[in-house]
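Here is a model to look through with a few questions in mind. Where do the chains meet, and what space is left inside?

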Amino acid sequence: MTDNILLSLQGLTKRYPGVVANNNISLDIFKGEVHTLIGENGAGKSTLIKALSGAVIPDEGTICWEGKEFSHMTPKGSKELGIEIVYQELCLVEALSIAENICLGEVDGVFVDYKSQIKIADNVFREMGIKIDPRKKVGDLTTAKQQLVEIAKAISKGVKLLVLDEPTAPLTSEEIDNLFLIIEKLKKQGVSIIYISHRMDEVFRVSDRITVLRDGEVVKTLNANEVERESLIKLMVDRDLKETFPERTYQSDENMLEIKNLTGNSNYDINLYVKKGEIVGLGGLLGAGRTELARMIYGVDLKKSGQVFIEGKEVNITSPRSGIAHHIGFIPEDRKHQGVLLTFGIDWNITISILKKLSPKGFMGFKKMSNVVEEYISKLLIAAPAPDVRVECLSGGNQQKVVIAKALTTESKLIIFDEPTRGIDVGAKQEIYRLMADLVNEGKSILLISSDMEELLGMSDRIYVLADGCIAGEIDGKEASQVKIMHIISDAMEKKSKLRKEAV
Amino acid sequence: MVVKKIINKFYLPIILVLAIIFFAITTDAFFSVHNLTNIFVQNSYLVVATMGIAIVMIAGGADLSVSWQMGLVSVICGMLLQNNAIPVPLIIFIGILLGGSLGLFNGLITIKLKVHPMVATLATMTIFQGIAYVLCGGSTFFNFPDSFKAIGQKYLFGWLPMSVIIMFVMYAIAYVILKKMYFGRHIYSLGGNEEAARMAGLNTKFIRVASFVLSGVFIAIAAMVLTARTGTASPGIASDAVFICISACVLGGISFNGGEGNITNMFISVMLLGIISNGMQLMGLSIYSQYIMKGTILALAIAFDNYQKKSHQIELANQAKTAR
């Protein structure tokens with residue numbers, strides 16, 4: 001059995017002042033297995049990965065690689081051993097071609113040998129069974145393709161242990177299938193994979209073994225086929241918690257939002273409505289135009305034609321400012337770039353939209369401001385040592401709560417949640433679901449965009465399915481299923497290709 | 001730990017005091033009322049201009065055109081001052097208006113061409129320079145009425161220079177705008193993350209332009225103080241102001257990405273650079289060795305600032321983790 005062990009961590013411990021990020025972690029990775037690390041944010045996954053990459057030097061413990069013991073890794077040494085990590089934030093040079101990215105760091109002589117670079121890239125892609133032109137610029141690729149380039153880069157370096165940190169977060173289900181095929185292939189070639197994900201369905205699909213981390217410690221390592229999701233979640237959070245979706249009571253026949261024939265840069269002839277107290281989901285593949293639609297409603301991007309009605313009155317929204325004035329709130333998917341000001345305190349982030357209102361005659365109303373901040377921190381249970389702590393120091397879940405608080409300060413009646421729980425741990429997810437339920441119970445309305453099928457199906461009263469910028473279908477939340485949604489999408493695709501053929 | 005905190009927070013005033021002590025010991029002339037007053041007077045216009053640049057930089061912009069904005073204001077005021085029929089207060093008012101307009105121009109170029117302010121002001125810098133030279137036709141203006149020269153040369157009660165009063169007033173105005181008014185917070189927010197600020201409902205274009213207009217007003221006042229003090233008006237009157245102002249902003253902890261910066265630290269930075277110039281001059285060192293010294297201090301300050309930010313962040317992160 002020991003021959004089969006690629007990597008063995010023994011008693012790995014890493015302490016930071018005030019917190020033990022990794023506590024006595026022992027873990028074996030077999031050759032050619034997919035080993036999933038699962039745990040809430042802050043469970044110690046990142047620190048563990050960083051110890052493997054050499055970015056973190058453990059205080060105690062050893063890293064045993066193919067029988068050789070190390071007290072710690074170095075960034076260079078870890079690569080030489082064959083450890084490659086694909087982070088959530090991809091590290092590619094967008095201005096360079098795919099081939100150049102794959103061969104980046106391999107300097108041979110003074111001049112760039114484009115031909116051999118392309119050859120290397122072609123070979124790797126063939127191995128992976130995908131078709132991409134290596135001459136293309138990385139910046140022109142979709143996120144999914146960029147991720148494949150990262151993986152290709154790792155393979156070309158002779159990877160033995162590939163770490164994938166939440167690789168599916170930006171992917172559509174089709175792209176996920178594709179990724180899993182590649183993982184399968186790598187496994188057969190004897191490559192070990194450490195897989196990190198919050199998505200339960202995937203974890204079970206892809207894993208051979210699962211290690212649950214909690215508060216920096218290994219709770220248990222299990223064979224994937226011997227465990228059920230409920231018990232896994234229980235192990236993760238150590239409390240009875242399933243991904244349940246809270247009950248809701250409010251019902252109304254009045255429309256909060258109605259859209260007629262709305263056309264924009266990426267959307268065509270959209271018709272939809274959202275009632276008061278309703279959560280309406282927008283389903284569809286990545287690039288179907290869901291975020292673009294939301295941005296248009298909120299006023300980030302401008303519409304070309306069509307009408308938007310809020311509470312029955314036609315409105316003309318030309319900027320986020322006017323969107324807010326018409327009581328629309330937006331929780332953007334790109335939290336770090338669009339949702340928060342990372343280097344600013346929680347207090348300023350929550351109140352940024354209403355500073356003017358808090359400041360009669362132009363002078364800051366600091367007292368009023370701190371009242372508002374206190375109110376939302378306690379209302380949304382934002383965990384922070386002080387209200388002026390920089391938002392970048394908060395966990396993803398707490399950051400998201402800050403964004404939601406900001407949208408609530410403007411008395412929003414329609415709140416658009418774009419991927420509200422992406423990269424957020426199970427516990428915080430539940431809190432955000434409960435919060436959404438509370439909002440609609442108060443008579444507010446929610447437009448929910450989510451690539452997490454379970455979330456979309458569980459939260460929505462109705463779902464509009466988008467494909468290619470158009471609404472391809474509408475399903476009642478109770479009847480909706482992943483299969484039905486996929487059917488609508490593929491029907492729409494078929495229709496479109498037929499139309500195209502007819503046009504030809 | 002406490003000592004470290006004090007040093008972290010007050011490193012600029014500490015360096016300032018050390019510099020004063022150093023020059024007081026090494027030179028005879030430095031530590032006299034006359035010389036110290038002189039330092040204030042000589043740097044007052046730079047403080048005012050730096051406050052203006054700081055507003056633009058905190059908003060995430062940059063202004064390379066400051067020297068030639070000052071030159072242009074100086075030349076136009078100088079020309080107007082040749083005509084005795086125009087009352088001096090009106091000329092000052094026109095000067096301020098002109099500064100605001102030049103800022104407006106910078107701001108509009110930035111938002112209309114959708115370029116980084118650094119690029120926009122690189123273009124306008126050249127334009128302002130050209131206009132200033134065309135207007136003055138190569139000549140320098142002087143013979144200003146005393147009432148104008150007063151803003152740069154007059155001493156109230158015989159000891160309190162007018163220009164220093166203007167400097168403190170402008171500093172106070174900048175402080176109030178940035179720290180006590182919501183508009184200042186909008187400026188910080190724009191610099192912190194323009195995209196997020198827009199998404200939060202801020203009128204980012206307006207704020208960008210307004211930051212330039214405000215800055216233009218400060219720069220115009222600086223230009224007039226300088227013109228009045230030297231008694232001459234010419235395009236190149238403040239040609240090295242841009243380096244000093246931006247250096248002072250950087251020394252004062254402003255980030256080129258915007259979103260942060262403490263106006264008091266920038267004030268201190270200008271004074272520090274001024275004291276170093278003055279002290280080294282008194283030590284008999286050439287202006288070129290002063291450059292070496294200033295550059296070195298700047299580099300060290302940036303390094304220290306980076307180090308400090310990092311340790312501060314780690315501390316905060318730990319606080320947050322313990323809280324969770």
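The questions below take the interface and then the cavities of this predicted model.

Q: How many residues of chain A are in contact with chain B?
A: Contact here means heavy atoms within 4.5 Å. On the side of chain B, 32 residues qualify. Their partners in chain A number 38.

Q: What area is buried between chain B and chain A, and what share comes from carbon and sulfur atoms?
A: Interface size is often given as the accessible area lost when the parts come together. Between chain B and chain A that area is about 3100 Å². Carbon and sulfur atoms give 63% of it.

Q: Which residues form the salt bridge across the interface of chain B and chain A?
A: The rule finds 1 salt bridge across this interface. A pair counts when a side-chain nitrogen of Lys or Arg lies within 4 Å of a carboxyl oxygen of Asp or Glu. The N to O distance here is 3.9 Å, so the pair falls within that limit. The two side chains belong to B:E260 and A:R390.

Q: Which helix gives the most to the side of chain B that touches chain A?
A: Polar contact links chain B and chain A through 8 residue pairs, both residues at pLDDT 80 or more. On the side of chain B that touches chain A, α7 (162-180), α8 (182-192), α9 (194-199) and α13 (287-323) each supply at least two residues. The most, 9 residues, come from α13(B).

Q: How do the residues on the side of chain B that touches chain A divide by class?
A: Three classes are counted: nonpolar, polar and charged. The division is 13 nonpolar, 11 polar and 8 charged.

Q: What is the volume of the largest cavity?
A: The count comes to 4 cavities of 30 Å³ or more. The largest is lined by 13 residues. Nearest its centre lie A:R199, A:T421, A:R422, A:G423 and A:D452. By class, the lining has 2 nonpolar, 4 polar and 7 charged residues. The space in this cavity is about 140 Å³.

Q: Which element gives the largest share of the lining of the second largest cavity?
A: This cavity has a volume of about 80 Å³, and 14 residues line it, with A:Y298, A:F330, A:K406, A:A407 and B:M199 closest to its centre. Its lining has 8 nonpolar, 5 polar and 1 charged residues. In chain A, β16 (328-331) and α15 (396-409) each supply at least two of them. The largest share, 3 residues, comes from β16(A).

Technical notes. Residues are numbered from 1 along each chain as its sequence is written. Chains are lettered from A and ligands numbered from 1 in the order in which they are written. This is a predicted model: local features need pLDDT of at least 70, side-chain atom pairs count only at pLDDT 80 or more; totals for chains, interfaces and linings use all residues. Side-chain values use heavy atoms; hydrogens and water are left out. Buried area is the accessible area (1.4 Å probe) that two parts lose on being put together, summed over both. A polar contact is a pair of N or O atoms within 3.5 Å; within protein, one must be able to donate a hydrogen and the other to accept it, and residues adjacent in sequence count only if both atoms are side-chain atoms. Helices (H or I, at least four residues) and strands (E, at least two) are DSSP runs, numbered from the N terminus. Ala, Val, Leu, Ile, Met, Phe, Trp, Tyr, Cys and Pro count as nonpolar, Asp, Glu, Lys and Arg as charged, and the others, Gly among them, as polar. On a 1 Å grid over the protein atoms alone, a cavity is a set of points where a 1.4 Å probe fits but cannot get out, and a pocket is an open set with protein on both sides within 12 Å along at least five of seven lines; lining residues have an atom within 4 Å of a point. Grid points are joined across faces, edges and corners, and a volume is the space filled by probe spheres set on the points.
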